[in-house]
Amino acid sequence: MADPRLEVIDRRIAGAKRIVAVSSGKGGVGKSMIATTLALTLRQKGYSVGLLDLDFTSPSTHVILGVEGLQPEEEKGIIPPLAHGLRYMSIVYYAMDEPAPLRGVDVSNAIIELMAITRWGELDYLVIDTPPGIGDATLDMIRLTRGIQFLLVTTPSRVAFETVRKLLELLRGLGVPVIGVVENMVMRPSGRIRGLFEEAGAPNLGVIAYDPEIEDALGDVDRLMKTGFAETMAGVASEVERLTLMRRPMA
Ligand SMILES: Nc1ncnc2c1ncn2[C@@H]1O[C@H](COP(=O)(O)OP(=O)(O)OP(=O)(O)O)[C@@H](O)[C@H]1O
Ligand SMILES: [Mg+2]
C-alpha cells in the first residue's frame, strides 16, 4: 500500500518551482559548501529560496551559515525560519548539537517525517544538501521528491570521478535529470575530469579552486560571499538558472 505521507510530501513541495539536490558519490568534496553558497547566491539574485539539510548524521549547513538559536514556527506543520534570507530547514532544530545516530530505516522515517511536516510555501528554488554516497537517503529523496534534479560534485581525483560517475549512471537509469557537474578543490587545473564527465554526457557547471580563505569564512556569510569560492559559485548559479527544468507545481 502506498505510504499516505508521500501524498502529503507532494503537497508540501508543490510550491517549489525547481528542486536541486547537491549530491556526490563521495564524502568531503564540498557538497554542503556548494549547496549553501548556491542557495545564498540565488537569493542574492532575487529568487525565493529554500535550503533543506538532509544530511541527518552530520548536518553542516548551519555551521556554514552561522545560525544559532533559530526555531521553526509550528502552524499546521512546520514553517522553516529565515536564515540570511533563506527558508532554512535542518535536523539540527530537533537534534540540537547532540549526535543523532540513526539506522537505515530510522533515516528513512526521519526524512519522510521532516519532508511531510515542512511547509515551504512558494519557492523559486529548493536546494537540498545531501549526505555522501549512494545510500538509502539518496534513494528515499529521489522516491519522495517529484521533479528533483541533481547537481553533482566531484574533486579532480579519479577516485572521486569513479564514484560520481556511478551516481550519474544510477540517476540516468532512474530517469532523474542531472543538471551537470561542479569540480571542486582544484589545485592544478587540467580539464581531465571535465573531459571525462563531458564524455559521459554531463556538462561542467564550474571549476572551483582550492580556496584557503574558506575556513575563516565559515559561519560568516558576508565574508563567505566575498571569497573566490563564492565568485566562482556565481557562475555555477547562472548555469543552474539556465539549465534547471521548470517543475510545474501541482494543480
Ligand atoms: N574549494 C574549497 N577550498 C578549500 N576548502 C574547501 C573547498 N570546498 C570545501 N572546502 C572545505 O572542505 C571541507 C568539506 O566540505 P563540505 O563539508 O562542504 O563537504 P561535503 O561534501 O558536504 O562533506 P560530507 O560528505 O561530509 O557531507 C570543509 O571543511 C570545507 O570548508
Ligand atoms: Mg556535507
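In which helix is Thr61 found? Thr61 is in helix α3, residues 61-65, and the close-ups below begin there.

This is a predicted model, in which local features need pLDDT of at least 70, side-chain atom pairs count only at pLDDT 80 or more, and totals for chains, interfaces and linings use all residues. Residues are numbered from 1 along each chain as its sequence is written, chains are lettered from A and ligands numbered from 1 in the order in which they are written, and side-chain values use heavy atoms, with hydrogens and water left out.

**Figure 1. Thr61 and Tyr88 make a polar contact through their side chains.** Look for the 2.7 Å between these two side chains; a polar contact is a pair of N or O atoms within 3.5 Å, where within protein one must be able to donate a hydrogen and the other to accept it, and residues adjacent in sequence count only if both atoms are side-chain atoms. Tyr88 sits in strand β6, residues 86-90. Helices (H or I, at least four residues) and strands (E, at least two) are DSSP runs, numbered from the N terminus. Thr61 counts as buried because its relative accessibility is 0%, and Tyr88 is buried because its value is 0%. Here buried means under 20% relative accessible area, exposed means over 50%, and partly exposed is in between (1.4 Å probe, protein chains only). The side chain of Tyr88 also reaches the backbone nitrogen of His62, at 2.9 Å.

**Figure 2. Tyr88 and Thr61 with their wider surroundings.** Leaving aside neighbours within four places in sequence, Tyr88 is in contact with several residues, including Leu51, Asp53, Leu65, Pro80 and Tyr93. Contact means heavy atoms within 4.5 Å. With the same neighbours left aside, Thr61 is in contact with Ser32, Thr36, Leu51, Asp53, Tyr88 and Asp129. For a sense of scale, Tyr88 and Ala160 are 72 residues apart in sequence and 29 Å apart in space, C-alpha to C-alpha.

**Figure 3. Ligand 1 and the residues around it.** Here 18 residues surround the ligand, and the closest are Gly28, Lys31, Ser32, Asn184 and Asp211. A residue is near a molecule or strand if one of its heavy atoms lies within 4 Å of it. Backbone N or O atoms come into view too: one of Gly30 lies 2.9 Å from an oxygen atom of ligand 1, and one of Met33 lies 2.9 Å from an oxygen atom of the ligand. For Asp211, a backbone N or O atom lies 2.8 Å from a nitrogen atom of ligand 1. The protein covers 80% of the 630 Å² of accessible area that ligand 1 has on its own. Accessible areas come from the Shrake-Rupley method with a 1.4 Å probe; for residues, only the protein chains shown count as cover.

**Figure 4. A salt bridge between Glu113 and Arg5.** The structure holds 11 salt bridges, each a side-chain nitrogen of Lys or Arg within 4 Å of a carboxyl oxygen of Asp or Glu. Side chains of opposite charge can pair when their charged atoms come close. In this view, Glu113 and Arg5 meet at 3.2 Å, N to O. Glu113 lies in helix α5 (residues 104-117) and Arg5 in helix α1 (residues 4-12), so the pair ties together parts that are 108 residues apart in sequence. Glu113 is partly exposed, with a relative accessible area of 40%, and Arg5 is partly exposed at 25%.

**Figure 5. A salt bridge within helix α11.** The closest N and O atoms of Glu239 and Arg242 are 2.9 Å apart. These two residues are separated by about one helical turn because they are 3 residues apart in helix α11 (residues 228-243). Arg242 is exposed, with a relative accessible area of 58%.

**Figure 6. Two residues with positive phi, His84 and Met185.** Most residues other than glycine have a negative phi, and most peptide bonds are trans. His84, which is not a glycine, has a positive phi of about 50 degrees. His84 is in the loop between β5 (82-83) and β6, and is partly exposed at 42% relative accessibility. For Met185, phi is near 60 degrees. Met185 lies in strand β9, residues 178-186, and is partly exposed, with a relative accessible area of 32%.
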